[in-house]
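Welcome to a short set of exercises with worked solutions. Keep the viewer open and try each task before reading on.

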Amino acid sequence: QGQQQGGQQWERQAAPPMPQLSKSKNPFLVGKARQAKDSVDKEVEARTLSILNKLTPQTYDKLLRQLLELPIDRASLLKMMIQRIFDKVVEEAAFAEIYARLCADLDREAPLVWNYVKIVRDESADAWYWVADVATSEAPEAEVAGPVASLEEGLVQASKVAAGEHEAKLVPWPHQGALVSLTKQGESLVKVYRAPSPFQGGQASFFYSFEAWTAVEQMAVEDTAGGPYKDTEKNGVAVAGQDEALRRGIKSTGLKRLLLNKCQEAFETDNIYAEIEAKFGKAGQGGLSAQERAQRAEDRRLEVLKAKKRMLGNIRFVGELYKLPKMLTDKVMHHCVQKLLQVTNHSEDEVVLMDPKGGPVLNPTGAITGEDEENIEALCNLLSTVGAKLEADCARDAFKTALMRLYFERLNSLATDRALPSRMRFMAQDFFELRGNGYVPRRKEDKQMTQEQIRSIAARDLGMGSALPVQAAGKGGGKGGGKGGDYG
């Protein structure tokens, strides 16, 4: 399928044969190169998990730097990191605050250190593309064409190979090369690398390789490539195609965009138990012994609890992201609240519903019953997390303030509806008690703390004027509370 980008569309045509390079003396290296790439991906994933497992307030700055030092040179690696962070936070919702902070810091710093968005020059069409899933170097066992003395010579030679006017000789990848140029030559993506080469007197040498342009088209389908973009003018200001391609690429594959897509996908899942129901349905239970059926029932119960835990973890994480600057807007929060309350203030054609006085109108999208317990629990969790900030943000807008009042009226009607299960009613009542107390919980939540915060609390409880010294705070076995154990 075509990918609409900048008012233009990828054209699908039968691709001509790839440029013919000299036959490798070691054809088995192609498979080894693929294995090497997979090995690099697994190493980055393992290092990511290792860093996340050590994350505490005490180690935060150090581990943030370690994450930023990982060689994230492709969108696929960035997506892997986001998936690992998401998996951790939905399983450990009590630590959603520090994971949200981590994502905000990564989103701010990543464009400065991770070179995963690259631009491709198409001289024949005087246009530019962006790609986000091309590595900055070849795999260690790969083979490339060259060497040549300069980038210009490499581009000219690659053009001749693409046109069938030159036969390139393959050599082993020099291991230290870095990607310096991407161009579209016919129906091929040409990658040029700069690498030091001993047999060139220690001077820099250039190598090149080809990849079918269909690989870029596939990236476009997966939202990791786009184009073409040409020089144009917007509002009387000249816009270079190269700059527009880079801007679109960064916007389309930014960490925040990918992360929020992941959160939205999980939030919009209508039935979080669908896979469990398919796995543990009545089909396949025939012939099981009583003990096997009991074990199957217990396995199902544990999977249900896990699915519910992940759902609530995602809700908490979304709330913590909203509390941070420039991560989420109140528009997203209104969408979440309305979906969980099964109401909307938009018509089918997305027109905002208002009464004759210009106030908001909420229309129900469904009737809340005892089957919606998870939605109400998620709503109460979300409002408990973001309620104070959301009300403060909406206080500056009369329309949004009225919307909040309608939300609370509907939730209050559930709190007093004896037709609903008592657990649902009590959850709503607990939220209103929290709100009435200025969103200060009766019992303090367990939160990760630094050593300095722990010492200050201990000093206060002991009636001391200042924090305990390190030696005193460390007596008694020394394992700190919270996710990290020993914060030393």
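Which residues have the most contacts inside the largest nonpolar core? Bear in mind throughout that this is a predicted model.

**Exercise 1. Describe the nonpolar cores.**

Solution.

Step 1. Start with the membership: the largest nonpolar core has 84 residues. The residues with the most contacts inside it are Y99, L102, L106, W114, F317 and L321.

Step 2. Next, find the main contributor. Helix α3 gives the most to this core, with 10 residues.

Step 3. Look for a further core. Apart from the one just described lies another, of 19 residues, and V120, W173, W213 and A225 are among them.

Step 4. Take L321 as a worked case. Leaving aside neighbours within four places in sequence, L321 is in contact with A100, C103, L259, L260, C263, M327 and L328.

A general remark fits here: in soluble globular proteins, nonpolar side chains tend to be buried together.

**Exercise 2. Work out how helices α3 and α10 are arranged, and what their contact is made of.**

Solution.

Step 1. Two packed helices are described by the angle between their axes and the distance between the axes.

Step 2. Apply that here: the axes of α3 (residues 75-91) and α10 (residues 290-322) come within 7 Å and cross at roughly 105°.

Step 3. Classify the angle. Values of 65 to 115 degrees count as roughly perpendicular, and α3 and α10 are therefore roughly perpendicular to each other.

Step 4. List both sides of the contact. From α3 come F86, D87, V89, V90 and E91, and they meet K306, K309, R310, G313, N314 and F317 in α10.

Step 5. Sort these by class: the contact of α3 with α10 has 4 nonpolar, 2 polar and 5 charged residues.

**Exercise 3. Is V90 buried or exposed, and what does V90 touch?**

Solution.

Step 1. Place the residue: V90 is in helix α3.

Step 2. Check the accessibility. Buried means under 20% relative accessible area, and V90 has 1%, so V90 is buried.

Step 3. Collect the contacts. Not counting residues up to four places away in sequence, V90 touches K309, R310, G313 and N314.

Step 4. Compare sequence with space: V90 and C263 are 173 residues apart in sequence, while their C-alpha atoms are 10.0 Å apart.

**Exercise 4. Analyse a selection of the salt bridges.**

Solution.

Step 1. Count them: a search of the whole structure finds 32 salt bridges. In general, side chains of opposite charge can pair when their charged atoms come close.

Step 2. Take E303 and K279, whose closest N and O atoms are 2.8 Å apart in their salt bridge. This pair links distant parts of the chain, with E303 in helix α10 and K279 in helix α9 (residues 274-279), 24 residues apart. E303 counts as partly exposed because its relative accessibility is 29%.

Step 3. Move on to E377 and K308, which form a salt bridge with closest N and O atoms 2.9 Å apart. Here too distant parts of the chain are linked: E377 is in helix α12 (residues 373-394) and K308 in helix α10, 69 residues apart. E377 is buried, at 9% relative accessible area, and K308 is buried, at 17%.

Step 4. Now try R442 and E433, a salt bridge with closest N and O atoms 3.2 Å apart. R442 is exposed, with a relative accessible area of 68%, whereas E433 is partly exposed, at 38%.

Step 5. Finish with the network: E45, R84, D87, E91, K309 and R310 are joined into one by salt bridges that share partners.

**Exercise 5. Inspect some backbone torsions.**

Solution.

Step 1. Begin with omega. The peptide bond from G146 to P147 is cis, with omega near 5°, and P147 lies in strand β5 (residues 143-148).

Step 2. The bond from G227 to P228 is cis as well, with omega near 0°; P228 is in strand β10 (residues 225-229).

Step 3. Turn to phi. N235, a residue other than glycine, has a positive phi, near 55°. N235 sits in the loop between β11 (232-234) and β12 (237-239), and is exposed, with a relative accessible area of 82%.

Step 4. E350 has a positive phi near 65°, again in a residue other than glycine. The loop between β13 (343-344) and β14 (363-364) holds E350, which is exposed at 59% relative accessible area.

Methods
Residues are numbered from 1 along each chain as its sequence is written. This is a predicted model: local features need pLDDT of at least 70, side-chain atom pairs count only at pLDDT 80 or more; totals for chains, interfaces and linings use all residues. Side-chain values use heavy atoms; hydrogens and water are left out. Axes are lines fitted to C-alpha atoms, for helices over the stretch in contact, and angles run from 0 to 180 degrees between N-to-C directions. Helices (H or I, at least four residues) and strands (E, at least two) are DSSP runs, numbered from the N terminus. Angles under 35 degrees count as roughly parallel, over 145 as roughly antiparallel, 65 to 115 as roughly perpendicular and the rest as oblique. Contact means heavy atoms within 4.5 Å. Ala, Val, Leu, Ile, Met, Phe, Trp, Tyr, Cys and Pro count as nonpolar, Asp, Glu, Lys and Arg as charged, and the others, Gly among them, as polar. A salt bridge is a side-chain nitrogen of Lys or Arg within 4 Å of a carboxyl oxygen of Asp or Glu. Buried means under 20% relative accessible area, exposed over 50%, partly exposed in between (1.4 Å probe, protein chains only). A nonpolar core is a set of buried Ala, Val, Leu, Ile, Met, Phe, Trp, Tyr and Cys residues joined through side-chain atoms within 4.5 Å.
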